[in-house]
Amino acid sequence: MANRSPQPYQPRINNSSSSSSYSSHSDSTQSKIPKASNQIYSNKTSSSSSKTGEFSCRIENSYYEDGDQEPPNLIGTCPFMCPLEERQRRERLRDLAVFERLHGNHAKTSPALAVKKFCRTISSKDMKASDVRPVPVLEDTLNYLLDLLHSSDHPFDVVHDFIFDRTRSIRQDLSMQNVVSDQVIHMYERMVKFHIISYHHLHRSSQTPNTASMSHLNLEQLMKALTTLFSLYEVNRASHSASQNEAEFFSLYLLLHLSPDNQVEPLSLWFRRIPSPVMESRAMSFTRRILRYYRLGNYKRFISTTEEEASYLQYCIVEPYISEVRKLALSCISYGGYKLQPYPVEHLSKILMMKESDVEALSVDCALETSDVGTGKGLVSSKQAVINKTSKEYKKYYELDSSRIRRFVFPVNISASTYIKLNAMAAASGKCLAK
């Protein structure tokens, strides 16, 4: 199947010799680009790849409706967050998001508010440089969008929907210009972080059909952004040097595939394509242990290791699995216990890192009984499998009883955009904000 796939195109290194007036703002790298190797990443283009985050050397060029293998090299010249023609057209059509309306006017905006929308299909024959934003403008646009992420003036789903669409447009403009630089890699890392923060926040929100749809689409774009980021890492590693954040983002990808249902190939094959320095990193060591504990059903080590070592972004991904592991623990203890000697809820609360009241509530959710044991409650042994009463209750999450997790878990007294900025500063100084 791989031989039938279109050959990957080679991203252009952004260097100081560019004729664009914006090129001086971009990080320069070596001009020689090695040919992308199919031995390093899979190059499948099936419909399932977007759902699984399958590796690909093709940076996001699926936006082109004419099926070009290599989109033309453009150097964007648009100085605004939204091209003038699009801004005027959307004013006429009253197609302005709430964040783009000048003084609340549905038909009026400004260059400081309007942001270019994502276009699902673009013909490379009709593309104009004046409609494409150069990298410095795209970075400023991304900064503006992330500053809106924790807006208290609008519900999260409204904020997310706006940023979700506009960051896709940023990725689209980057793919048109076919540029690889440290600046572009950093932008992709920040967009991946946005999707992970959204993944966590949407999981915690009420599970309405609209939220479920948003969560699915967010995960899909997270996988696509990660796929492109890994391709950028590969090109940058071959032509310049390895990125200091590679290990962190590879670990995030692996955490998204804790469940065997989420992968299309054995992880043993995936691990063989990972560079040795990444595999030996602290982030990957933590993630591999978490994977092992989850697959073996070692609920005690899974929860304690997560509490002790997970970074903020890693915890955002792991949190939904904690609920599954806790239910597994209740099932094992209930099934293997002695009916006349209920297992103390006090002990369970320490193992599962939950408040005793939450342990009792979770037991009720799983159709298990508790009874009085001395001075406290105990889980009554049952030889029946754990039953989840309703799908809505099944998605209920009980807080991890940990002061460390509470210090950085979202939402906290710090906005997500501020966290991203602080985390970048901490990384530059060799520290980890979430530790």
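Visitor: How many residues lie between β4 and β5 in the hairpin that they form?

Guide: This is a predicted model, in which local features need pLDDT of at least 70 and side-chain atom pairs count only at pLDDT 80 or more, while totals for chains, interfaces and linings use all residues. Residues are numbered from 1 along each chain as its sequence is written, and side-chain values use heavy atoms, with hydrogens and water left out. Strands are DSSP runs of E with at least two residues, helices are runs of H or I with at least four, and both are numbered from the N terminus. In the turn of this hairpin Gly-374 has a positive phi of about 60°, and the number of residues between β4 and β5 is 2.

Visitor: Which residue in β5 is the bridge partner of Asp-372?

Guide: Two strands pair if DSSP finds at least two bridges between them. Strand β4 (residues 370-373) and strand β5 (residues 376-379) run antiparallel and are joined by 4 bridges. In β5, the partner of Asp-372 is Lys-377.

Visitor: With which residue does Glu-100 form a salt bridge whose closest N and O atoms are 3.0 Å apart?

Guide: A salt bridge here is a side-chain nitrogen of Lys or Arg within 4 Å of a carboxyl oxygen of Asp or Glu, and a search of the whole structure finds 14 of them. At 3.0 Å between the closest N and O atoms, the partner of Glu-100 is Arg-166. Because Glu-100 lies in the loop between α2 (84-92) and α3 (135-147), and Arg-166 in helix α4 (residues 156-177), the pair ties together parts that are 66 residues apart in sequence. The partner asked for is therefore a residue of helix α4, namely Arg-166.

Visitor: Is Asp-165, which forms a salt bridge with Arg-166, buried or exposed?

Guide: The closest N and O atoms of Asp-165 and Arg-166 are 2.7 Å apart. Buried means under 20% relative accessible area, exposed over 50%, and partly exposed in between, with a 1.4 Å probe and protein chains only. Arg-166 has a relative accessible area of 5% and is buried. Asp-165 has 18% relative accessibility, so Asp-165 counts as buried.

Visitor: How many residues apart in sequence are the parts that Glu-399 and Arg-204 tie together?

Guide: The side chains of Glu-399 and Arg-204 meet in a salt bridge at 3.2 Å, N to O. Glu-399 lies in the loop between α15 (391-394) and α16 (403-408), and Arg-204 in helix α5 (residues 182-204), so the parts tied together are apart in sequence by 195 residues.
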